[in-house]
Amino acid sequence: MSKTLVVMCAHFTNGALALDCIKDILKTTKNIFLISNNMHTDDSRAAEEMGVRVFHAEDNLGPSRGCNIGFRAAIKGEYNYVCKIDPDTVFFSNDWLEESEKIMNKNPGTGILGNVRNCYSIFDKLNSIMDKMGKKLLFNKRNFNHVQGGFQFIRCSALQLEGLYSEFDEPVFEDVELSWRFLHNGWDINNLDGCICFAAEDYINLERHIIKNTKIYHPIKSLSIKKKIKEYWNSLNCR
């Protein structure tokens with residue numbers, strides 16, 4: 001039995017994407033915790049009808065504060081792992097959970113698994129924000145890597161020890177800062193083969209990045225694009 005809780009934070013603009021993503025996740029696991037940040041009532045009700053546990057936030061908490069509610073639920077529920085997924089993530093296969101758990105079980109020093117990327121492009125801005133919070137980045141631009149937030153498979157014991165997402169007002173740095181904190185305290189962050197995640201601003205030329213063994217891709221932006229890239233992926237695997 002899987003001991004992973006999947007956590008997703010959605011709001012009124014991406015409810016349809018969240019529901020479609022949940023349908024894909026349900027092919028693999030029913031352990032899903034959805035944080036509704038002012039989702040349309042019909043969307044959050046539809047998720048509950050699928051059997052998903054939904055937390056209804058009274059206000060829009062933002063992604064970091066919202067996801068932290070799910071992280072606390074995973075720790076309280078004594079899950080081994082928590083998998084943070086964005087609503088605009090697409091899954092091409094159903095073995096991603098089993099494979100992720102297998103890798104984490106074999107590598108107890110790995111704190112976060114996913115798509116490791118260098119974040120030199122936002123290093124200076126993040127460093128400035130951290131400085132205002134009284135924190136310091138101890139990595140330079142060359143080796144400052146992180147696991148992109150569209151898919152982060154996190155060890156709960158490490159999360160409990162090192163702390164949850166820092167609750168930034170800006171919604172783009174919580175994944176980077178968590179990776180930094182894990183690295184600084186001796187945890188590894190590793191790639192999951194077939195997991196391809198980009199930041200929203202890097203979203204270009206989908207087909208150029210998708211290959212035959214792609215398992216997970218982020219971001220997809222819309223359901224029409226999701227359909228398009230799934231058709232493209234299927235064509236690759238039928239050759």
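Is Trp-233 buried or exposed? Trp-233 is buried, because its relative accessible area is 15% and the cut-off for buried is under 20%. The model is a predicted one, and the values here are computed from it.

Start with the ring partner of this tryptophan. Phe-92 and Trp-233 form a stacked aromatic pair. Their centres are 5.3 Å apart, with 25° between the planes. Stacked is the right word because the planes are under 30 degrees apart. The pair joins distant parts of the chain. Phe-92 sits in the loop between β5 (90–91) and α4 (96–106). Trp-233 belongs to helix α9 (residues 223–237). The two are 141 residues apart. Phe-92 also counts as buried, because its relative accessible area is 9%.

Now widen the view to the other rings. The structure holds eight aromatic pairs. One of them is formed by Tyr-81 and Phe-153. This pair is tilted, with 5.5 Å from centre to centre and 40° between the planes. It too links distant parts of the chain. Tyr-81 lies in strand β4 (residues 81–85) and Phe-153 in strand β7 (residues 145–155), 72 residues apart. Both Tyr-81 and Phe-153 are buried. They also belong to a cluster linked by ring pairs, together with Phe-91, Trp-96 and Phe-151.

Another ring meets a charge. Lys-3 lies over the face of Tyr-79, at 5.0 Å from the ring centre.

Turn next to the helices. Helix α1 (residues 15–25) packs with helix α2 (residues 41–49). Their axes are 9 Å apart, at an angle of about 10°. The two helices are therefore roughly parallel to each other. On the α1 side, the contact involves Gly-15, Ala-16, Leu-19 and Ile-22. On the α2 side, it involves Asp-43, Ala-46 and Ala-47. The contact residues divide into five nonpolar, one polar and one charged.

Helix α1 also packs with α9, at an angle of about 35° and with axes 10 Å apart. Here α1 contributes Ala-16, Leu-17, Asp-20, Cys-21 and Asp-24. Across from them, α9 contributes Leu-223, Lys-226 and Lys-230. This contact divides into four nonpolar, no polar and four charged residues.

Ala-16 of α1 thus appears in the contact with α2 and in the contact with α9. Helix α9 brings the path back to its start, since it carries Trp-233.

Note on methods
Residues are numbered from 1 along each chain as its sequence is written. This is a predicted model: local features need pLDDT of at least 70, side-chain atom pairs count only at pLDDT 80 or more; totals for chains, interfaces and linings use all residues. Side-chain values use heavy atoms; hydrogens and water are left out. Rings of Phe, Tyr and Trp (its six-membered ring) pair if their centres lie within 6.5 Å; planes under 30 degrees apart count as stacked, over 60 as edge-to-face and the rest as tilted. Helices (H or I, at least four residues) and strands (E, at least two) are DSSP runs, numbered from the N terminus. Buried means under 20% relative accessible area, exposed over 50%, partly exposed in between (1.4 Å probe, protein chains only). A charge sits over a ring if NZ of Lys or CZ of Arg is within 6 Å of the ring centre and within 35 degrees of the ring normal. Axes are lines fitted to C-alpha atoms, for helices over the stretch in contact, and angles run from 0 to 180 degrees between N-to-C directions. Angles under 35 degrees count as roughly parallel, over 145 as roughly antiparallel, 65 to 115 as roughly perpendicular and the rest as oblique. Contact means heavy atoms within 4.5 Å. Ala, Val, Leu, Ile, Met, Phe, Trp, Tyr, Cys and Pro count as nonpolar, Asp, Glu, Lys and Arg as charged, and the others, Gly among them, as polar.
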